[in-house]
Structures are given as structure tokens and as C-alpha cells.
Amino acid sequence: MAKSKKKMSPALDFNTQWRYKPAPENSDHIQIQKAYDLFINNEFIPPVNADYFPTINPATGKKIADIAQAENIDIDKAVVAASKALKAWQKIGAVERGKYLFRIARLIQERAREFAVIESLDGGKPIRESKNIDIPLAAAHFFYHAGWADKLQYAFPNQTPKPVGVAAQIIPWNFPLLMAAWKIAPALATGNTVVLKPAETTPLTALKLAELIRESGLPSGVVNIVTGDGSAGAALVDHPMVNKIAFTGSTEVGKIIQRKLAGSAKKYTLELGGKGANIILEDAAIDQAVEGIINGIYFNQGHVCCAGSRLFVQESVAELVVRKLKDRMETLVVGDPLDKNTDIGAINSASQLRTIKKYIKKGIKDGAELYQSKCAIPGGKGYWCRPSLFTNVSQAHTIVQEEIFGPVLTLQTFRTLEEVLNKANNTFYGLSAGVWTDKGAKIFTMTRGLRAGVVWANTYNKFDPASPFGGYKESGIGREGGLHGLAGYLKF
Amino acid sequence: MTEGKSGSKISEGQTNGRGGVDSGQNRLSVAKTYKIFIGGNFPRTESGRYLPLVLSDGTVVNICNSSRKDLRDAVVAARKAQDSWSSRSAYNRSQILYRIAELLEGRKSQFVEELVKLNVTASHAKKEVLKAIDTIVYYAGWCDKYIQVFSSVNPVSGSYFNFSIPEPTGIVGLLCDEDGGLVELVSDLLPIITGGNTAVVHVPIELATIAIDLAEVIQTSDVPGGVINMLPGVRAELLPHFGSHLDINSVIYAGRNAEEFLQLQSLGADHVLRIVDRRPAQRRELGPYQIMDTQEIKTTWHPVGK
């Protein structure tokens, strides 16, 4: 069968005069201040050292605003504020707590456009994604969890759930507002108060959320948002009045946090790195599967912990899949995040671009074959990376083993389900996986055999507040979202 | 067995070919060697080390003092058993667990006797054995139910069928409490295997005789070799290896030493080990939540379409 396919149609020619006209999203209506302070007790207060750092637009390399760098004293203020707010917040009653969350959800929906534009400006993700995915999902997280506030006794049979206390939440730069909502909403619904630290490179939407939270009338101190680098996060983890740590980020930092928490009574959930296997069986609908591969690895520039960064294709269709995949890669537009035609925006930061380039170099050095699309890259001082595919790789390659967190895919082939399950599971990670096949029985063999917290069958990179998310093995501890995610914010 | 039942060829005073059976004072009792339990077998520790345990009747038992190598062997055996144990039907696992209870019920007088030798009063020992049996029956009944109770179909926005189910985390290390008894051992062990995990259990020397007796019951009750492994020894010595072994997915700490627990947590952080705090203050009423302590939630998506 493979032989007859040898004479496939010639590769598609994308080098034509048919270019997309620029379709930039209007950014006139957004309001960004020159500098942002720390949000503590519903007020923006300057950091004690009056120290600020710039947040950069990764598409231009230009500064957008100055952001406060929180010191230990500032972190202490925020935690004390959250701790003082606990009593009143719990006294207010579950019904009222839920109503605040509903209100916040609505306010996000009302200002969705502004949030989307700022998200793309600050983080580099395509406006199409921030508008259609990040911001609506952030609102959905508040809306979903709002309803849980007064129904928790139904979630845990025969138990009396109680709030943990002050939740310290540290989030990454890949889904800034979505991660903030993903963390704050369940914490508040379960009666906790929050100190949130957004990532250093993407603090803007969280600070806009702070404005919105103040506007919502949420009692002061219930949500505090502090900005800064890793030292601020460390101070937060160490603070004795913190009762729970919720961390999303790299496995490396997750381990440091877990070690720091040894001997303490603090509860923790860790949502860490991944190296997701995306598996194409020979009976899959190939065109759909190719879309799934693209969405799996190039969504959000590959800055996704659950990205399908390891592609496994069954040998009999490998040639066809590679051809179609390369064709599809050629159609991807790398460009201005604010342009609606853009598929792949800017890499989040200069340092992340360096990391990605280091891995690409390492892949080549190890003997893998690199294919990059030939698309144009915007000029200027932005951070860009073409969609990349490595073939001729083996399990032992660094680019197969380590999380790259960029638009870099590795491809391996296999013959049997058993073989691919072994290869897919042969990693310290266990966050996500994908499988593409038309056979129901095979889907269940695969989804059951894959050691990963989220398994997408005939789809990839789908998220929902009702759907629990989290990893096996070194991809983390605990779940976030859905009924199961509530447990991380409760004691019994 | 030998007391004058019809059909029994041997009765008191009668010869059996090699001399008389003496049930009187001259008879030398047969002492039992307590070894370790790995992969369904009872080997001696590879280290050749032993620790003496003095029983209340004055007997001294040489308990195998398990080594790091024994732990590694036990983990290999547990990993081998993991797939087939977790992929058995829940009904089948349930019957196997119930079988443990059946066999223990048949040997309860022996267990009472053994507990008495560990300085437990006779009346308390009896209660303890009965409670242990009932605990096993309790968890046998959970095998095919906890998944229903803790699974969910998630109403996601979009045309997808999405569900979450618990799955065993894998190999679970259990560090028992030296001041606990048979009931604590069974209450900590059963939820692990109910949930489809395999177990590597460190047994304090103080509990070694009763734990190895239990291992004999387990071995003869259709529990596949390797699903439960028991290593008597010194906890402080083995704990670092439980904490740092990369193929142990979760460790339950049931001791009461804060420093040990801290050490376990620090070592476990190197590989994001799931550590379950089962120190006395954290003990909860028996229930399915102990099963969930060593489960992972897996969420599966599939499009709904035409």
C-alpha cells in the first residue's frame, strides 16, 4: 500500500503572489498605564523599594509599562492582607461568594476585547487565540466555579469540606489571564483568599484583572496580586501564613518548591512540564490528524505544557503524514500577534527564544534532520521562531526527552500499539497525550494505556473549566478544574 | 487433626514408623523462620542480616533485616505485577481481596496467638484480628465501586464527550507505624491494592511476625506474586531508599517521626514523589478516600460528530 502511494502529488507551491492583506486588531481602545503598582487590599500601592522592571512587547522588543518588583516586605503585606480578609470572606456566606464570582465572569466578558489585545501585546500570542480561547475561557472559569461555592457538600460524599486559608498562587507566562482565572476562581469558590503572582514577563492582564476585581466590589484583601521575579515567588512560598501553594510552571521549579515545602503543613498542587505524545495510527483520518498535529505543537508558539511535542506516526502512513504535515506547516503565518491572520506569534521573551534555539542546535548536533517552514519572519527587534520539525530522531535524543516549550516537533515512527505505548510512556513526564484513529476499540486501548493526566482522542489541546487538568509522574501533583480540582483548595 | 477422628491413622501413643508422636512435655516445638516476602516468594534477605525479636513466651525469633537491595528487588517484582493487577476486572480483584479475608478468618486463632506473643492481651488480640478481617472485607467491596463514586462525565462547552476516571498511581511504598498493629497494617495496605496499585511494605521489626504471617495468607489467597511485598527491617535505614527510588510512584508514611517524614519529603521532591501523610494525627475513618490517596485522575476527550 505504501508503495502505490509513492507517486504522490507534487508538494504544494505556496510561493505565489497571493498574500494575506494585513488585518491588524485595533488597539486604540485599550488603556495601559505607564507603571503598575502592587495590588494589595484592593489598592495599588508602590513597592517598598520603589523598584520597577519593564514588561516588554515580544513582537517589537519595546517596553509597554513599568511593573513593581515586590520585596519580602511587600509579599508580607499581601499575605497579611489575605489572612485578615479570611474571616469576613468566609462569613459572607457561600451564596454571596458565588455571586461575586459570577459578577467577575461577566465583567471579563464585557471587557474581553481589551483583555485580548493586552494579552497579545504583552505575551506575543496571536490575537485569534487570545480572543477566541484565553479570554473566553478565563471568564468561563469564573462562571463555572461561581456555582460550586454553595454546593461543595455535594462534591465530596460523606465529608465536610472546609477552606484551607490563604492560597499563594504562582503562574506562568504562557496563558497569563487564563492561568490567573484558573487559579483564583476555584480558590475563592471554596472560601479561601488569594495572593497571586503573575509571571515576570506577562503581568499586564493580571493587573487589569486586579482593576476589574476592585470594580466588582470584592471585599478588600480577598484577592491580592503581587508582581516580580522568582524571588517574589520564593518569598510567597516561604511565608509562614500561607496555607496552600498552587504552582504552574516548570518541573525544575516545581521540585524546588516541593523541597521547600518539606516539613511544612502547607498543602500544595503542582502543575508542571510535559512532553506530550501525539500518536497517529494508520487508520486515522489523516487530514484531521495533521490539523491535530499542527494544533498540538504550534498552538501558542508551542508554549504549552501539554503540547503534543513528540509525534508518533505508524510506519505505513508515515511518508504521507510527513508530506502533508510539511505542506501544512508552509501555510502557517508567523507574524504580528495583533494581526488576525497570524498563526504563530512572537516567542514570549528573548530568554525563551535562546532556549528554543539552543535545543534546535542540539537536535542538529545529535544528528536529527530539521525541517523549518520557509515563511517570512517579521523584521525589527521581535522574537520569532519558524515552525520546526525534527525527523530521524530516537528516544535517547535530548529534543525527545526534554521540554522545549517552543514550536519544535519531533517525529518518530512505530509498528504496533504496544511499541508506541512503550515509547510514549518512556518519559519522566505524564501530563498529556493524543491519539488519532477511527477504531473505537483502539482508542480505548490507547487512552487507557497512556500514562498521562489528559488524553485527547481525535482532538488535541482542548480545555474547559469543567475538565480536570493535571499530570502523572513528574508533570505534577493534583488536579485543577472540574469537580476534582476543588479538592486542592479544601481540607476535610 | 490428629485427635481420634475416624480415618486418622495416627493417634496418641501410636507409632508412625519413625517413633512416637509425643504431645507431652518432651515434644520439641517447631519454630518458624520468618523471612521476607518478595514476588510471591519468601527468600531470606540478600544481606544475610537479622534482628532478634523476643516474643512474650521467651522465644527469640531472628527476623530478616531487609537491605536496600531487597527493596530494589521488591520494586522490580511490584513493577512486573503492576500491569496485570491493574488491568484485571474490578470484580476479580474484589474476589481476590475477599479471599484474603476468608483465609484469615480460617486462621484467626493463629493470629490471636501470634498477637499475644507480641504482648497484646488475649481479648484485645481477638478484637484486632476480627477487625482486620472486617477491614479486608470492607475494601474487597470497594474494588468495583470507588471508580463509579469518583469518576465524572464533564459537561464541557463544545461538542466533546469528556470523562475523568481514577487510575492507580503505580507502585506504592508503605512505611508502617511501629506502634501500630495488624489493623493499621491492613487499613493502610488494602486501599493500595484495592485501587489496582502494587505495594512494597516496610514492616517494623516489632510487627514482623504478624506481618509475615499475613504475607502467608496473602500468598495462598490468589493475590498474584509481586502485588504485595513485605520487607521487615529498620525503617530509618530503608526510608531514604523509599524516598529516592525512581520507580516508586507514591509513599505512604504511617510512622510518627517528624524528622523521618521531613527526610522523605525532601528526597521525594527530586522526582515529584506523591507522599501521603498517614501519621496518627492524619488517620481518618475507614473509607474510599484512602483508596483515592494513591490514584491519579485521567481525563479523556473525544469529539462528538457525524
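Me: What makes residues 274-457 of chain A a domain?
Reply: The domain assignment of chain A lists them as domain 2, beside domain 1 (35-272 + 472-491). Such bounds come from an automatic or database domain assignment. This is a predicted model, in which local features need pLDDT of at least 70, side-chain atom pairs count only at pLDDT 80 or more, and totals for chains, interfaces and linings use all residues. Residues are numbered from 1 along each chain as its sequence is written, and chains are lettered from A and ligands numbered from 1 in the order in which they are written.

Me: How do you know which residues of domain 1 of chain A are in contact with domain 2 of chain A?
Reply: Two residues are in contact if their C-beta atoms, placed from the backbone, lie within 7 Å. In chain A, 20 residues of domain 1 meet this with 27 residues of domain 2. Helix 3 (112-123) and helix 4 (127-148) of chain A each supply at least two residues of the domain 1 side. Helices are DSSP runs (H or I, at least four residues), as are strands (E, at least two), numbered from the N terminus.

Me: Why is chain A called as compact as a globular protein of its length?
Reply: The globule rule is 2.2 Å times the number of residues to the power 0.38, and the radius of gyration is taken over C-alpha atoms. For 492 residues the rule gives 23 Å, and chain A has a radius of gyration of 23 Å, so the description holds.

Me: How do you know that helix 4 (residues 122-142) of chain B has the span expected of a helix?
Reply: The expected span is 1.5 Å times one less than the number of residues. For the 21 residues of this helix that is 30 Å, and the end C-alpha atoms are 31 Å apart, which agrees.

Me: Why is B:Trp142 called buried?
Reply: A residue is buried if 20 or more other C-beta atoms lie within 10 Å of its own, exposed if 12 or fewer, and partly exposed in between, because that is how the term is set, with C-beta atoms placed from the backbone. B:Trp142 is among the buried residues of helix 4 of chain B, as are B:Ala125 and B:Tyr139. The cover over them includes helix 2 (90-106) and helix 6 (182-194) of chain B.

Me: What makes strand 18 (residues 454-457) of chain A and strand 10 of chain B a pair?
Reply: Pairing takes at least two DSSP bridges between two strands. Three bridges join these strands, which run parallel. A:Val454 stands opposite B:Thr299.
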